[in-house]
Amino acid sequence: MEIEKTLSVAAPAATVWALLLDPQVMGGCVPGMQSIDVISDVEYVSVIHVKIAFVSAKFKLRTTIVEQRAPHYLRTEGTGEDASVASSLKQQSEIFLTEGPDGQTELRIKVTVDVLGRLGTFGLSVMKTKADRMWDEFSQNLLARLNGSVAAAPAAGVAPVDTPATATPTAPTAPTAAAPAPNVAPPPAAPTAVQVNGSAVDTRQLEQPGWLARLLGAGARPAAGPFIHVEVRRADGVVTVDWPLAAVAECRAWLREVVR
């Protein structure tokens with residue numbers, strides 16, 4: 001999966017660069033980041049929690065800065081895994097900073113991510129929807145950090161910023177903390193009931209670490225209201241899922257990728 005996003009901020013490139021290289025700042029900006037350990041100036045180990053549809057994963061991600069040209073270009077590579085959901089990922093990111101004559105800086109990021117295992121079965125459309133939401137939240141957090149940094153120590157020749165920086169990413173982003181909250185679309189609905197090899201599964205257990213080990217013998221919640229009944233037959237068993245009728249779009253995207 002390839003993702004490319006842009007963001008314009010009212011700060012010089014040197015200020016943006018300094019924040020990008022601060023692991024504690026980035027740890028506070030990346031959605032789901034639970035901890036980050038600095039191994040060296042170019043290597044970090046972090047723990048990040050990600051929820052896609054009805055599956056929650058906690059990846060231990062090792063990230064290395066493999067190339068940097070301050071303050072305009074940064075390239076990183078990282079790998080991570082979560083054995084509890086039998087999933088792993090590999091990513092490569094490139095960040096480009098371009099400073100304009102008005103003191104604005106355009107941040108452009110290109111990310112290539114390969115997700116393997118159980119999470120990889122959700123398919124491209126579900127993954128990209130999740131990536132868009134994470135980018136929106138990251139943009140909001142980074143802008144808040146940049147606003148505080150510029151206000152506290154404005155660069156020479158640049159007037160202090162009195163108003164929050166505005167984002168102009170390619171995809172709609174969440175506003176800064178000072179702006180009113182928008183009407184954000186709810187996350188994809190989870191199925192109301194799941195069965196594996198004929199045994200009912202409580203979908204709440206799928207959000208907890210180690211849910212694969214608890215698939216058999218668990219009690220399920222009854223499906224409420226009209227739903228879509230799906231049976232997926234694999235060599236190692238049968239997975240039965242009841243999606244709420246209101247989540248037909250998510251069900252269609254999930255099923256399209258599963259049967260490929």
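**Group meeting: a predicted 260-residue model**

I start with a weak part: across residues 201-223 the pLDDT stays under 50, and the model has 55 contacts for this stretch beyond four places in sequence. pLDDT is the predictor's confidence in each residue, on a scale from 0 to 100, and contact means heavy atoms within 4.5 Å.

The ground rules come next. This is a predicted model, in which local features need pLDDT of at least 70 and side-chain atom pairs count only at pLDDT 80 or more, while totals for chains, interfaces and linings use all residues. Residues are numbered from 1 along each chain as its sequence is written, and side-chain values use heavy atoms, with hydrogens and water left out.

Mean pLDDT for the protein is 75, with 65% of its residues at 70 or more. Residues 152-185 are another stretch with pLDDT below 50, and there the model has 41 contacts beyond near neighbours in sequence.

Now the overall numbers. The protein has 4 helices and 11 strands; these are DSSP runs, helices being H or I with at least four residues and strands being E with at least two, numbered from the N terminus. Of its 260 residues, 40% count as buried. Buried means under 20% relative accessible area, exposed means over 50%, and partly exposed is in between, with a 1.4 Å probe and protein chains only. The exposed area is about 13600 Å², of which carbon and sulfur atoms supply 55%; the method is Shrake-Rupley with a 1.4 Å probe, and for residues only the protein chains shown count as cover. Taking contacts between residues at least 6 apart in sequence, 52% join residues at least 24 apart.

On to helix H1. Why is helix H1 largely enclosed by the rest of the structure? H1 covers residues 13-20, and 6 of its 8 residues are buried, so the rest of the structure largely encloses it. The buried ones are Ala 13, Thr 15, Val 16, Trp 17, Leu 19 and Leu 20.

Leu 19 also turns up in the contacts of Arg 145, in helix H3. Leaving aside neighbours within four places in sequence, Arg 145 touches Leu 19, Val 25, Gly 28 and Cys 29. Arg 145 belongs to H3 and is partly exposed at 39% relative accessibility. Its C-alpha atom is 8.3 Å from that of Cys 29, although the two residues are 116 apart along the chain.

Next, the aromatic rings. Rings of Phe, Tyr and Trp (its six-membered ring) pair if their centres lie within 6.5 Å; planes under 30 degrees apart are stacked, over 60 edge-to-face, and the rest tilted. How many aromatic pairs does this rule give? The count is 2. For Tyr 73 and Phe 96, the ring centres are 5.2 Å apart and the planes are at 55°, so this pair is tilted. Tyr 73 is in strand S5 (residues 73-82) and Phe 96 in strand S6 (residues 87-99), so the pair ties together parts 23 residues apart in sequence. Tyr 73 is buried, at 6% relative accessible area, whereas Phe 96 is partly exposed at 22%.

For Trp 135 and Phe 138, the centres are 5.8 Å apart with planes at 35°, so that pair is tilted. Both residues sit in helix H3 (residues 123-152), 3 residues apart, about one turn of the helix. Trp 135 is buried at 7%, and Phe 138 is buried at 12%.

Phe 96 has a charge over its ring: Arg 108 lies over the face, 4.2 Å from the ring centre. The rule asks for NZ of Lys or CZ of Arg within 6 Å of the ring centre and within 35 degrees of the ring normal.

Staying in S6, I turn to Ser 93, which lies in that strand. Is Ser 93 buried or exposed? It is buried, with a relative accessible area of 11%. Its side chain makes a polar contact with the side chain of Gln 91, at 2.7 Å. A polar contact is a pair of N or O atoms within 3.5 Å; within protein, one must be able to donate a hydrogen and the other to accept it, and residues adjacent in sequence count only if both atoms are side-chain atoms. Beyond four places in sequence, Ser 93 is in contact with Leu 74, Arg 75, Thr 76, Lys 110 and Val 111.

Last, two backbone details. The peptide bond from Ala 70 to Pro 71 is cis, with omega near -10°; Pro 71 is in the loop between strand S4 (55-69) and S5. Ala 86, in the loop between S5 and S6, has phi near 50°, a positive value in a residue other than glycine. Ala 86 is partly exposed, at 40% relative accessible area.
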